[in-house]
Amino acid sequence: MNETLENFLSFTIQHDPFSGPKRMYGQLDRFMKANFHSKPLLVMSLPLEHKSLKKEPLKYARAIWNKSQTSRTYSESSLNELLSTYFKNEKKAHWLNITIDNKNYCAFYCGKSETQNFIGIVKTDEIIDEAFLNKLVLFMDNTNSSFLQLRDYKKLEDLVHIDDVTGLYNQRKLYKDLDAAVVRHKELKETFCVLFIDIDHFKNVNDGHGHLVGTQLLNDMATLLRTTLRESDLIYRYGGDEFVMIIPDVNNKMAEKIGKRILDSVKKENFFVDDDNSIDVESKKDFKLSVSIGIASYPDDANTREDVLLIADKMMYEAKKKGRGRVCFTSEMFQQAK
């Protein structure tokens, strides 16, 4: 057994199966640098099936590890060529060594979820040995399966954190996940944004049509909001007609785009409810709703879970003051002040 494989055996033995994928990616990043003098590891998420993955995969890819540190290391053209070649050959092998512009690149399979493939990418001074890559892919696949099983177990555990009306996570789970997000920032420097969402004029719905209609609309709104999320995003019913989202690994600008996408989705949606529990089609009421959204980022806007939630709440009220049906965030306020 050569030295690299011996080092990798030690790495796998020391791996904590409960550490989570991002911590594991960090450990693998350090291993690749130490053993192959590689540039920072990049891990990308791509759809399991898409007709254009072999032509323009980067269009459908999202960096889930090390995006901020790799943007200067990996050009879009090199990533597109690497990934398109990988998907053309993935049935032959779950890894690929390739030279692009006289630089050595390696892409390797890191597992999958129900909808996504995870692909690791490194640029190295030397071609990585095939025997090592076969073992690496096997380890990554098994480890990812363990993470998915642990996630499914946590879903069962999370049943005590489910809101009865909407099926979303409740306030208790929100505080728990905010604590975890703060810890991830301390350990991995991963930023996150909080979106505080309130349905505009919802009291008029309850007063005019009753709480049964209001409850149905809350449930329908929760379903709509859930469709706007990525796999890594989290959503909660905070209370009443208020919802909160935790969006990991984004800045204010990206969170604003997500917020505007939510505004647009709600604006286009026709909400229907049965008034007076009648089976008559004519009794169905057509509602048009809007939401106001406040955004706060961690750690730029706040350094505690309480503060990031409080600032997002304040920004939501600023959105209401400015006419409702809009997104408001702190940097926008500062720009206007200037």
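In this predicted model, helix α6, which spans residues 171–188, lies across four strands, namely β6 (192–199), β7, β8 and β11 (291–298). Relative to β7, helix α6 runs at about 135°. A second helix, α8 (residues 211–227), also packs on the sheet, where α8 touches β6, β7, β8 and β11. The direction of α8 makes about 10° with that of β8.

The sheet itself is worth a closer look. Five strands build it, and reading across gives the order β7-β8-β6-β11-β12. The sheet is open, and its pairing is mixed. At the edges stand β7 (234–239) and β12 (327–329); each has a single partner strand, so one side of each is left without a neighbour in the sheet. On average, and with direction ignored, neighbouring strands are turned by 20° against each other. For the edge strand β7, the partner β8 covers residues 242–248, and the two run antiparallel, joined by five bridges. Within this pair, Y236 stands opposite V244 of β8.

Turning to the start of the chain, helix α1 (residues 3–14) packs with helix α2 (residues 21–36) at an angle of about 160°, and their axes lie 11 Å apart. Because an angle over 145 degrees counts as roughly antiparallel, α1 and α2 are described in that way. The crossing of α1 past α2 is right-handed. On the α1 side, the contact is made by T4, N7, F8 and F11, while α2 contributes Q27, L28, F31, N35 and F36. By character, the residues of this contact comprise five nonpolar and four polar ones, with no charged residue.

Technical notes:
Residues are numbered from 1 along each chain as its sequence is written. This is a predicted model: local features need pLDDT of at least 70, side-chain atom pairs count only at pLDDT 80 or more; totals for chains, interfaces and linings use all residues. Side-chain values use heavy atoms; hydrogens and water are left out. Axes are lines fitted to C-alpha atoms, for helices over the stretch in contact, and angles run from 0 to 180 degrees between N-to-C directions. Angles under 35 degrees count as roughly parallel, over 145 as roughly antiparallel, 65 to 115 as roughly perpendicular and the rest as oblique. A crossing is left-handed if the near helix is turned anticlockwise from the far one by less than a right angle, and right-handed if clockwise. Contact means heavy atoms within 4.5 Å. Ala, Val, Leu, Ile, Met, Phe, Trp, Tyr, Cys and Pro count as nonpolar, Asp, Glu, Lys and Arg as charged, and the others, Gly among them, as polar. Two strands pair if DSSP finds at least two bridges between them.
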